Amino acid sequence: PMSAYTCAVRAAPSAAPAAQPRTQSMIRCAASATSSSSSARATFLRRGNTSTRMAIETSCAPVLNTASCGQHLGGTRAGHRSRRHGGSGIYAMGRGVADHRRGHPGTSTTAAGALSGANRPSTPDAAPADTADADTIRRNGMSIDESDRLSLDNIRASLIRQEDSIIFGLIERAQYLCNAPVYEPGGVEVPCFKLDGTRACMLEFMLRENEQVGGKIRRYTSPDEHAFYPDDLPLLVIGAMSYANPLAPAADAININDRIMDMYVKNIVPALCRAGDDFNYGSAGLADVNCLQTISKRIHYGKFVAESKFLARTEEFSALIRAQDAAGLMDLLTFKAVEDRVVRRVTNKAATYGQDISEELPDAIAARLTGEGTNVKIEYKVAPERVGELYYKWIMPMTKDVQVEYLLRRLDHM
């Protein structure tokens with residue numbers, strides 16, 4: 001839009017004066033991505049001085065990564081994606097940062113203290129993990145995650161927090177009707193197009209835009225975050241970070257967000273929300289983005305659960321992994337009693353969070369606490385048993401799928 005170019009021009013005095021060799025090609029790409037006034041904008045861009053062009057190119061780079069003009073950048077994006085370490089300058093695509101994730105050329109992808117069996121350098125010529133210290137990492141311009149949130153010892157606490165986020169998200173989404181146009185390509189006219197020229201759905205547009213923001217502040221360089229559109233992530237606006245990642249290298253390639261998206265739209269939304277259209281597309285879409293991201297994080301956290309189980313029973317798992325016995329791994333991972341406890345906990349949380357709580361204890365709850373009136377009916381924002389059922393039927397099985405996929409590749413680097 002014209003406002004983007006106007007902002008770029010205003011920012012021109014602070015832009016870097018050095019010219020980039022592919023400035024004109026990027027300008028032509030930006031011009032071809034417009035429709036009604038592409039010729040006028042191309043003329044405007046070409047007439048700008050070097051500083052102006054650089055400011056425009058820099059400010060527009062994240063926008064040009066989106067699907068709405070993906071057809072114009074397909075070749076360029078593919079070329080830069082092959083440069084696994086982010087390339088150089090503003091042309092390097094953010095996917096390079098996410099793929100060799102947690103990475104920075106010449107440094108380890110993990111901080112000291114991570115499990116030695118899973119440590120590996122981010123590049124072939126990087127220093128071994130056991131020689132990389134905090135001072136070296138900081139000298140290379142990286143920050144260090146000094147929390148213990150990714151520690152295998154904190155898995156249970158993290159899973160419980162994620163349950164809370166998912167339940168609150170589902171309760172928020174349930175207040176709106178299904179609003180099918182949000183999920184139908186072209187159902188709502190959004191400025192987002194696929195490579196074949198068809199318009200993307202509103203949910204895809206909102207999710208892509210959200211990932212553009214999160215991607216800039218290194219959200220998707222963390223081992224426990226997974227983008228739905230990883231090929232279109234932007235460059236970082238803050239320095240990279242080194243994480244104490246206990247996972248094996250194969251973990252980086254496991255991303256089932258396409259399945260999660262399909263499951264959410266086709267199964268969770270219809271089961272959670274009342275049928276119909278209340279035209280609250282924006283509010284419903286925002287709730288959807290939140291739900292998808294929290295559910296995705298919970299499901300992919302199965303890699304951490306699988307690593308913990310592998311370390312506890314290494315010999316048993318290793319035998320099945322070498323035989324590539326997926327069914328055997330699934331059986332070894334499954335504990336029905338534990339799964340039942342999780343479902344009961346989720347159902348109880350949904351019952352607690354789904355009530356209207358005031359400063360006074362509701363009569364219905366007080367009656368239950370005193371053992372009186374156990375048949376008192378409580379109005380819930382969403383049926384607690386429905387949330388428990390969704391967790392049991394969809395979220396838990398997909399989490400175990402991730403665990404099996406991770407374990408099948410757990411020994412690849414050894």
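## Exercises on a predicted model

Leaving aside neighbours within four places in sequence, Y391 is in contact (heavy atoms within 4.5 Å) with E163, I166, R298, V342, V346, M396 and P397. This is a predicted model, where local features need pLDDT of at least 70, side-chain atom pairs count only at pLDDT 80 or more, and totals for chains, interfaces and linings use all residues. Residues are numbered from 1 along each chain as its sequence is written, and side-chain values use heavy atoms, with hydrogens and water left out.

**Exercise 1.** Place Y391 in the chain and state whether Y391 is buried or exposed.

*Solution.* Start with the helix. Y391 lies in helix α17, residues 384-408. Helices (H or I, at least four residues) and strands (E, at least two) are DSSP runs, numbered from the N terminus. Next, take the relative accessible area of Y391, which is 1%. Buried means under 20%, exposed over 50%, partly exposed in between (1.4 Å probe, protein chains only). Therefore Y391 is buried. Last, pick one of its contacts, V342. Y391 and V342 are 49 residues apart in sequence, yet 8.9 Å apart in space, C-alpha to C-alpha.

**Exercise 2.** Describe how helices α12 and α13 pack.

*Solution.* Two packed helices are described by the angle between their axes and the distance between the axes. Axes are lines fitted to C-alpha atoms, for helices over the stretch in contact, and angles run from 0 to 180 degrees between N-to-C directions. For α12 (residues 302-312) and α13 (residues 314-322), the angle is about 110° and the axes are 5 Å apart. Angles under 35 degrees count as roughly parallel, over 145 as roughly antiparallel, 65 to 115 as roughly perpendicular and the rest as oblique. So α12 is roughly perpendicular to α13. Now list the residues: α12 gives K309, F310, L311 and A312, while α13 gives T314, F317, S318 and I321.

**Exercise 3.** How many disulfides does the structure hold?

*Solution.* A disulfide is a pair of cysteine sulfur atoms within 2.5 Å. The structure holds zero. Check C178: its nearest cysteine sulfur, that of C273, is 5.2 Å away. C178 counts as buried, at 16% relative accessibility. Then check C201: the sulfur of C192 is the nearest, 8.1 Å away. C201 also counts as buried, at 12% relative accessibility.

**Exercise 4.** Summarise the whole chain: which elements, and how much is buried?

*Solution.* Count the elements: 17 helices and two strands. Then take burial: buried residues make up 49% of the 414 residues.
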